[in-house]
Amino acid sequence: MIKKILVSQPQPSSEKSPYYDIAKDFGVELVFRPFIKVEGLTSKEFRQQKVSLLNYTAVVFTSRHAIDNYFKLAKEMRIEVPEEMKYFCVTETISHYIQKYVQYRKRKVFFGNTGKITDLVPIMMKHKVEKYLIPMSDVHDNSVKELLDSKKLSHQECVMYRTVSNDFNEEEATAFDYDMAIFFSPSGITAFKKNFGDKYNHISVATFGPATAKAAHDAGLTVVIEAPTKEHPSMTGALRQYLRKQEK
């Protein structure tokens, strides 16, 4: 029976999270502990890409990490971001986060609704004269570059942050007594194997997204839940169904 579950994500900030309902309804203990963390590049590392922040008139932000590291690097390199800089964000929530660094109303801020860059491109197309800078993680493919190339937009991708393993300390590793672990990215699987090798291949594993599921299978883990599905588009929905079957 599943009694203790490790969720490889930060603890939900809202008390109304479906995870808490699951813990209550099925009497399981949920522990939130990210397996990966985001680390910003140093200004020295960034300079090796030979990208000048002031050569661009607009920045495309796909995450809060991108915003944090863009302004952190600008500060480290003593670059004053121009007042007229435009910001294009994949969601409204991310666009509001810019207020942490600049006065929102005084800037030109645009945002999409779906969280996907494809939804943002039509808005960018209305500003074809801009030179776009796209801060990214070290783990990315060429899909954004190819999309913007196809629209003939002037753009430059650059790496500003990296995903690294959030290693378990000795005390955490010794106390590892979970019946299930939930993963949301291939890098989470990589971090798990780095910390524990094959020691816990027997525990039940839930994965979100096809790439995560493939990484888990390739790593020899015991995958019992693969989300999303048509029936259960969320991890919590898939987990609830699995635990309900376990009870029967």
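Mentor: Let's begin with axes: lines fitted to C-alpha atoms, for helices over the stretch in contact, with angles from 0 to 180 degrees between N-to-C directions. This is a predicted model, where local features need pLDDT of at least 70 and side-chain atom pairs pLDDT 80 or more, while totals for chains, interfaces and linings use all residues. Residues are numbered from 1 along each chain, and side-chain values use heavy atoms, without hydrogens or water.

Trainee: How do α1 and α10 cross?

Mentor: Two packed helices are described by the angle and the distance between their axes. Here α1 (residues 18–26) and α10 (residues 235–247), both DSSP runs of H or I with at least four residues, have axes that come within 10 Å and cross at roughly 5 degrees. That makes α1 roughly parallel to α10 (angles under 35 degrees). Among the residues in contact (heavy atoms within 4.5 Å) are Ile22 and Phe26 of α1, and Leu239 and Leu243 of α10.

Trainee: And which aromatic rings are stacked?

Mentor: A ring pair is described by the distance of the centres and the angle of the planes. The whole structure has 23 aromatic pairs (centres within 6.5 Å). One of them, Phe61 with Tyr87, has centres 5.9 Å apart and planes at 15 degrees, so the pair is stacked (under 30 degrees). Phe61 is in strand β4 and Tyr87 in strand β5 (strands are E runs of at least two residues), so the pair ties together parts 26 residues apart in sequence.

Trainee: Which side chains does Asp68 join by polar contacts?

Mentor: Polar contacts pair N or O atoms within 3.5 Å, one able to donate a hydrogen and the other to accept it. From helix α3 (residues 64–76), Asp68 joins Tyr97 at 2.8 Å and Tyr101 at 2.5 Å.

How values were computed
Angles under 35 degrees count as roughly parallel, over 145 as roughly antiparallel, 65 to 115 as roughly perpendicular and the rest as oblique. Rings of Phe, Tyr and Trp (its six-membered ring) pair if their centres lie within 6.5 Å; planes under 30 degrees apart count as stacked, over 60 as edge-to-face and the rest as tilted.
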